[in-house]
Amino acid sequence: MIILKSTEEIAMMREAGKILAACHQEIAGMLKPGITTWEIDQFAEKFMLAHGATPEQKGYHGYPYATCASVNDVICHGFPKQEPLKDGDIVTIDMVVNLNGWLADSAWSYGIGNISEQASNLLETTKESLFKGIEMAVAGNRIGDVAHAVQTLAESRGFSIVRDFIGHGIGSEMHEKPDVPHYGPAGKGPRIKEGMVFTIEPMLNTGSYRTKVDADGWTARTIDGGLSAQYEHTIAITSNGPVILTEL
Ligand code: MF3
Ligand code: CO
């Protein structure tokens with residue numbers, strides 16, 4: 001069942017999203033060679049608490065941290081680590097803010113110091129593919145139209161789209177209906193309606209789209225060691241089109 005949100009509920013999710021966007025902005029300024037993703041995680045948790053919010057990921061199905069920190073070949077759900085980031089790394093920071101019971105979810109990828117041209121193309125294309133998807137998130141379209149737009153852009157630049165992790169409805173729960181894949185045919189899937197709130201969160205790989213999970217049960221990597229990037233926004237469908245809840 002897809003839970004439609006009222007204007008008031010969307011406004012509350014927007015407030016959570018602003019805190020999340022402000023947190024990402026601070027993190028963007030902190031990320032440089034030598035910092036650890038553990039320090040970033042500590043910062044993010046304190047930032048949320050200082051703004052009257054809580055880190056929804058911490059304790060979610062036993063996940064131990066406020067953020068996911070996914071470096072280089074890690075696709076998603078990487079653990080923050082006390083290991084310094086190095087010049088040339090790419091890292092995705094993903095987090096979910098809970099403000100008064102309403103959630104917002106956003107991930108952003110960053111380059112550390114000087115990154116390769118391939119890495120920088122990957123980051124740029126992944127971000128663009130998110131915005132292509134958002135453009136299609138209009139009442140009357142179908143979820144498949146979003147999925148197809150994301151996949152088409154990604155593959156046109158020679159990158160692959162991860163299948164094993166997808167976007168999702170969100171509200172007072174982190175994962176609600178609808179499922180939002182980032183691949184597949186246009187014209188399929190649930191009809192997009194006003195009041196829907198869901199994430200679009202494409203993960204693009206330089207090599208194969210296939211994934212494997214580490215022995216920790218969380219860390220998802222590319223099967224071939226290729227790089228992976230992700231950008232994610234939480235989007236509300238309104239009569240004026242898609243509204244990004246997770247920006248300033
Ligand atoms: N933020 C992730 C998402 O986009 C969920 C992370 S799983 C968790 O769905 F366990 F870390 F919370
Ligand atoms: Co998400």
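**Notebook: ligand 1 and the cobalt ion**

I started with the shell around ligand 1, and its residues split into 6 nonpolar, 4 polar and 4 charged. Note to self: this is a predicted model.

Next I looked up who sits around ligand 1. I found 14 residues surrounding ligand 1, and the closest are Gln57, Asp94, Asp105, His175 and Glu201.

Then I went through the polar contacts. A nitrogen atom of ligand 1 is 2.7 Å from a polar side-chain atom of Gln57. On the oxygen side, I noted an oxygen atom of ligand 1 at 2.9 Å from a side-chain N or O atom of Asp105. For Glu201, I got 2.8 Å between a side-chain N or O atom and an oxygen atom of ligand 1. How much of the accessible area of ligand 1 does the protein cover? I wrote down 96% of the 340 Å² that ligand 1 has on its own.

I also checked where ligand 1 sits, and the spot is the largest pocket.

On to the metal. Which residues are the protein donors of the cobalt ion (ligand 2)? I listed Asp105 (OD), His168 (NE2), Glu201 (OE) and Glu232 (OE), lying 2.0 to 2.2 Å from the ion. Two of these names were already in my notes: Asp105 and Glu201 each have a polar contact to ligand 1.

Along the chain, I read the spacing of the cobalt donors as D-x62-H-x32-E-x30-E.

Last entry, on geometry. Why is the arrangement around the cobalt ion irregular? I put it down to the angles: the 6 donor atoms subtend 47 to 159°, so the arrangement is irregular. For reference, six octahedral donors would ideally give 90 or 180 degrees.

Note on methods. Residues numbered from 1 in each chain as written. Chains lettered and ligands numbered in written order. Predicted model: local features only at pLDDT ≥ 70, side-chain atom pairs only at ≥ 80, totals over all residues. Heavy atoms only, no water. Near = heavy atom within 4 Å. Polar contact = N/O pair within 3.5 Å; in protein donor to acceptor, adjacent residues only side chain to side chain. Areas by Shrake-Rupley, 256 points an atom, 1.4 Å probe, with all protein chains shown as cover. 1 Å grid on protein atoms, 1.4 Å probe; cavity = no way out; pocket = protein on both sides within 12 Å on 5 of 7 lines; lining within 4 Å. Sits in = over half its atoms within 2 Å of the grid points. Nonpolar A, V, L, I, M, F, W, Y, C, P; charged D, E, K, R; others polar. Donors = N, O, S within 2.8 Å, 3.2 Å for Na, K, Ca; no water. Tetrahedral: all angles 85-135°; square planar, octahedral: opposite > 155°, others 65-115°.
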